[in-house]
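User: Could you take a close look at one helix in this model for me, along with its surroundings? I'd like a connected account rather than a list.

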Amino acid sequence: MNNWEIALCDAGKFLLQICNHNLLLADAIHHGSGRKPILPASAALVVDEAYKLSETAREMFGTTLTAHDIQTLIRSLLPSVIHRQRLPL
């Protein structure tokens with residue numbers, strides 16, 4: 001371990017972690033699914049290529065709905081809405 005690593009490590013916990021946006025999002029997926037994290041616990045995180053983070057996250061986690069998708073959703077919800085309107089308050 002060199003002096004730089006010693007300065008950044010405190011009792012097995014990293015004080016500073018450097019990763020790129022893809023690795024950060026992959027780690028978030030692991031956390032969200034209950035799997036073991038990819039990145040070690042750290043006090044500070046430096047994200048390389050952070051300007052790509054929002055677009056990459058949108059691509060990985062976003063959903064695109066077409067007009068047909070929305071119409072189908074509305075049709076599936078209508079019976080429930082009509083039923084609730086008939087119930088006394």
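Analyst: Happy to. Just after helix 2, Gly34 adopts a positive phi of about 80 degrees. This is a predicted model, and the values below are computed from it.

Let's step back into the helix itself. Helix 2 covers residues 21-32, and its 12 residues should span 16 Å at 1.5 Å a residue; the end C-alpha atoms lie 17 Å apart, which agrees. At its start, Asn20 offers a side-chain oxygen that comes to within 3.2 Å of the backbone nitrogen of Asn22.

Which residues of helix 2 are buried? They are His21, Leu24, Leu25, Asp27 and His30. For context, buried residues make up 11% of the 89 residues in the protein chain.

Asp27 deserves a closer look. Asp27 is buried but has no salt bridge, and the nearest side chain of opposite charge, that of Arg35, is 9.6 Å away. A salt bridge would need a side-chain nitrogen of Lys or Arg within 4 Å of a carboxyl oxygen, so Arg35 at 9.6 Å does not qualify. What Asp27 does have is a backbone partner: a polar atom of its side chain lies 2.7 Å from the backbone nitrogen of Ile38. Ile38 also appears among the contacts of Asp27 beyond four places in sequence, together with Pro37 and Leu39.

Where, then, are the salt bridges? A search of the whole structure finds 2. One joins the side chains of Lys52 and Glu49, at 3.4 Å from N to O. Both partners are partly exposed, Lys52 with a relative accessible area of 31% and Glu49 with 29%. The other pairs Glu55 with Arg58, whose closest N and O atoms are 3.3 Å apart. Glu55 and Arg58 sit 3 residues apart in helix 3 (residues 53-61), so about one helical turn separates them. Glu55 counts as partly exposed too, at 40% relative accessibility. Asp27, by contrast, is buried and without a salt bridge.

To place all this in the overall fold: the protein chain has 4 helices and 3 strands, arranged along the sequence as α-β-β-α-β-α-α. Of the contacts with a separation of 6 or more, 63% link residues 24 or more positions apart. The accessible surface of the protein chain comes to about 7300 Å², with 61% of it belonging to carbon and sulfur atoms.

How values were computed
Residues are numbered from 1 along each chain as its sequence is written. This is a predicted model: local features need pLDDT of at least 70, side-chain atom pairs count only at pLDDT 80 or more; totals for chains, interfaces and linings use all residues. Side-chain values use heavy atoms; hydrogens and water are left out. Helices (H or I, at least four residues) and strands (E, at least two) are DSSP runs, numbered from the N terminus. The expected span of a helix is 1.5 Å times one less than its number of residues. Buried means under 20% relative accessible area, exposed over 50%, partly exposed in between (1.4 Å probe, protein chains only). A polar contact is a pair of N or O atoms within 3.5 Å; within protein, one must be able to donate a hydrogen and the other to accept it, and residues adjacent in sequence count only if both atoms are side-chain atoms. Lys and Arg count as positive and Asp and Glu as negative; His and the chain ends are not counted. Contact means heavy atoms within 4.5 Å. Accessible areas come from the Shrake-Rupley method with a 1.4 Å probe; for residues, only the protein chains shown count as cover.
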